[in-house]
Amino acid sequence: METLSPLTVIPALMNDRDERFMALALEEARVAARRGDVPIAALVVRDGEVLSTGSNRKEKDPTAHAEILALRGAAEAVGTWNLRGCTLYVTVEPCPMCAGALVLARVDRLVYGCADPRAGACGTLYDIVRDSRLNHRCAVRSGVLERECARLLTDYFLERRKSRLARGGEERVKEMKFLSYGHQYIDEEDIRAVAEVLRGDWLTQGPSVDAFEKAFAEYVGTRHAVAFANGTAALHGAYFAAGVGPGDEVVTSPMTFAATSNAALYLGGSVRFADMDPATLCLDPGKAKEKITSRTKVIAPVSFAGYPADMAAFREAAAECGAVLVEDACHALGAKRGRTPVGKEADLTAFSFHPVKHITTGEGGMVTTDSDEYAERLRLFRTHGITKDPSKMEGEPDGPWSTEMQALGFNYRLSDIHAALGLSQMKKLDRFVSRRKEIASLYDGLFSSVRGLEIPPRHEGHAYHLYPLRVPAERRKEFILKLKERGIGGMVHYPPVHLHPYYRKNFGWKQGDFPAAETFYSREISLPMFYGLSDDDVARVAEEIRRIADAG
């Protein structure tokens with residue numbers, strides 16, 4: 001703990017006052033790193049004067065966090081515990097303990113660099129400093145020199161990992177687990193939930209499906225959630241509910257899994273592709289509008305990789321032409337636009353629960369909607385087009401056993417076994433998404449200075465189903481093969497749909513029709529991204545990517 005002179009020099013080239021003070025905190029964090037401590041530092045400022053600094057310490061004292069040490073020093077400097085009029089600058093979002101200390105010390109303002117998805121208590125996991133139930137609240141500014149703060153932390157942990165590997169030698173490298181690009185996370189709670197259904201009376205068409213649908217609808221904020229056997233079935237059902245049939249067109253992106261467009265073909269409709277926007281990796285709203293015709297029944301933006309597509313722009317386009325807006329959010333469970341969860345804003349939104357997605361049911365899907373009519377059509381479609389409800393039958397029922405097939409539907413039901421797993425996984429969804437964001441932030445920092453790489457576009461509400469890194473096209477295969485040699489499974493998402501042989505032969509699409517999607521595909525590698533990935537795993541992947549890039 002130190003008390004600095006009022007004459008402490010502030011970096012002169014920065015115009016933003018907060019940035020100048022954060023630069024000082026970063027310097028303190030670098031000092032901490034050099035002495036072997038975790039590089040997190042804080043300083044307390046009042047009236048433009050630095051009262052004290054603090055940085056994390058390897059001590060027996062569990063409260064020796066940068067913020068606590070800086071608050072103690074400031075209290076000594078001013079002769080009172082009450083630090084009204086002060087601002088605390090810290091390189092990383094404070095944890096619950098430090099956030100509580102800020103409130104108790106009556107600090108007016110908090111400025112921090114990068115968020116802490118694991119323990120952040122000032123807006124990420126909790127918001128203690130702005131909790132209206134407490135007798136003091138702090139103003140908060142986040143993201144000041146965010147990249148620099150995150151990079152300092154990730155470089156520190158990468159160096160620690162290199163040191164451990166050097167001590168363990170090549171044998172340890174050989175023993176390392178293979179890292180696939182995605183993997184489910186199943187715990188004992190999930191296993192108990194499934195076992196309970198297996199011991200019960202209902203394996204399908206029972207109460208677990210209803211409970212899963214109810215919990216899902218509550219999470220995204222819609223009136224209805226209708227479960228399906230998989231994500232493809234969910235898209236098929238959504239297009240059916242929207243009324244797609246022969247002669248109708250669905251406008252969507254070629255940068256997606258084939259199911260997004262295939263589902264329109266199943267119903268006799270046709271697909272009009274519009275190119276992606278390289279800045280978001282999602283369907284370009286402007287290009288989509290150019291593809292709208294009098295036959296457009298559905299506009300189907302894809303929230304690719306978990307980046308929330310610009311629904312306001314697509315809503316406007318759909319309203320102008322009378323189309324139904326169907327969001328393919330199979331990558332985007334847990335994503336948000338502002339405070340609104342993905343799944344709420346489109347007329348119908350489709351999700352997938354494949355094992356590599358945010359939650360899994362083994363296989364499964366869901367469609368959310370606020371429309372009673374759409375929900376009724378979805379439920380009809382997933383059960384052969386058959387209804388058992390006498391009030392909905394066209395003819396007089398023969399008796400309580402009567403059923404009536406009213407549409408050509410499918411057996412797309414989700415079983416209670418799958419639903420029980422999904423319901424259990426929903427309890428962990430926010431934790432799963434938070435960890436994916438943390439992994440993405442680590443990757444971003446580790447790749448920021450590597451030649452030839454382009455990190456994915458950022459969005460505050462990104463859910464990061466994928467981490468699609470772009471490498472030089474001519475070296476993409478080399479990257480994937482060398483990663484595999486080192487026990488890391490990269491994947492490519494996706495071959496543009498229009499270039500699949502079926503689409504080329506039947507609809508005449510060709511190379512060059514959608515240059516943005518084709519260019520992206522030529523450069524993309526999906527790196528490991530799943531809840532169970534450790535910081536060491538992330539550092540290992542980044543180290544191998546850096547090694548391959550530097551060798552080129």
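Which residue in S3 does Ala42 stand opposite? In this predicted model, the residue facing Ala42 is Val90 in S3. The pair offers a convenient way into the sheet around it.

Strand S1, spanning residues 41-46, and strand S3, spanning residues 86-92, run antiparallel and are joined by five bridges. Both strands belong to an open sheet of five strands with mixed pairing, arranged in the order S2-S1-S3-S4-S5. The edges are formed by strand S2 (49-55) and strand S5 (139-141), each of which pairs on one side only. From one strand to the next, the twist averages 20 degrees. Helix H2, made of residues 66-78, packs on this sheet and touches S1, S2 and S3. The direction of H2 makes about 145 degrees with that of S2.

For orientation along the chain, the domain assignment gives domain 1 (17-167), domain 2 (188-421) and domain 3 (429-551). Domain 1 and domain 2 have C-alpha centres that lie 44 Å apart. An unreviewed UniProt entry annotates residues 16-124 as "domain: CMP/dCMP-type deaminase". That span is 37% helix and 24% strand, and its end C-alpha atoms lie 24 Å apart.

Attention turns next to Met22, a residue of helix H1 (residues 17-34). Is Met22 buried or exposed? Met22 is buried, because its relative accessible area is 0%. Beyond its sequence neighbours up to four places away, Met22 touches Tyr89, Val90 and Thr91, as well as Val111, Tyr112 and Gly113, and also Val144, Leu145 and Cys149. Val90 thus appears again here, as one of the residues that Met22 touches, having already been met opposite Ala42. Although Met22 and Gly113 are 91 residues apart along the chain, their C-alpha atoms are separated by 7.5 Å.

The annotated binding site is another place worth visiting. According to the unreviewed UniProt entry, the "binding site" annotation covers His65, Cys95 and Cys98. These residues are spread over 34 residues of sequence, yet they cluster in space, with a largest C-alpha distance of 9.3 Å. Cys95 lies in the loop between S3 and helix H3 (96-104), while Cys98 sits in helix H3. Cys95 counts as buried because its relative accessibility is 15%, under the 20% cut-off. Cys98 is also buried, with a relative accessible area of 0%. Leaving aside residues up to four places away in sequence, Cys95 touches His65, Glu67, Ala119 and Ala121. With neighbours within four places again set aside, Cys98 is in contact with His65, Glu67 and Ile68. His65 and Glu67 are therefore among the contacts of Cys95 and also among those of Cys98.

Further along the chain, strand S11 (residues 296-300) is mostly covered, with four of its five residues buried. What does S11 pair with? Strand S7 (residues 249-252) pairs with S11 in the parallel sense over four bridges, and Ala300 in S11 is the bridge partner of Thr252. Strand S12 (residues 324-328) also pairs with S11 in the parallel sense, here over two bridges. Within that pairing, Ile299 has Leu325 in S12 as its bridge partner. Together with helix H10 (residues 311-321), S11 and S12 make a right-handed β-α-β unit.

Terms used
Residues numbered from 1 in each chain as written. Predicted model: local features only at pLDDT ≥ 70, side-chain atom pairs only at ≥ 80, totals over all residues. Heavy atoms only, no water. UniProt positions renumbered as here; feature names shortened; annotations may be inferred. Pairing = 2+ DSSP bridges. Axes fitted to C-alpha atoms, helices over the stretch in contact; angles between N-to-C directions. Contact = heavy atoms within 4.5 Å. Domains from an automatic or database assignment. Buried < 20%, exposed > 50% of the residue type's maximum accessible area, 1.4 Å probe, protein only. Right-handed = clockwise from strand over helix to strand, strands pointing away.
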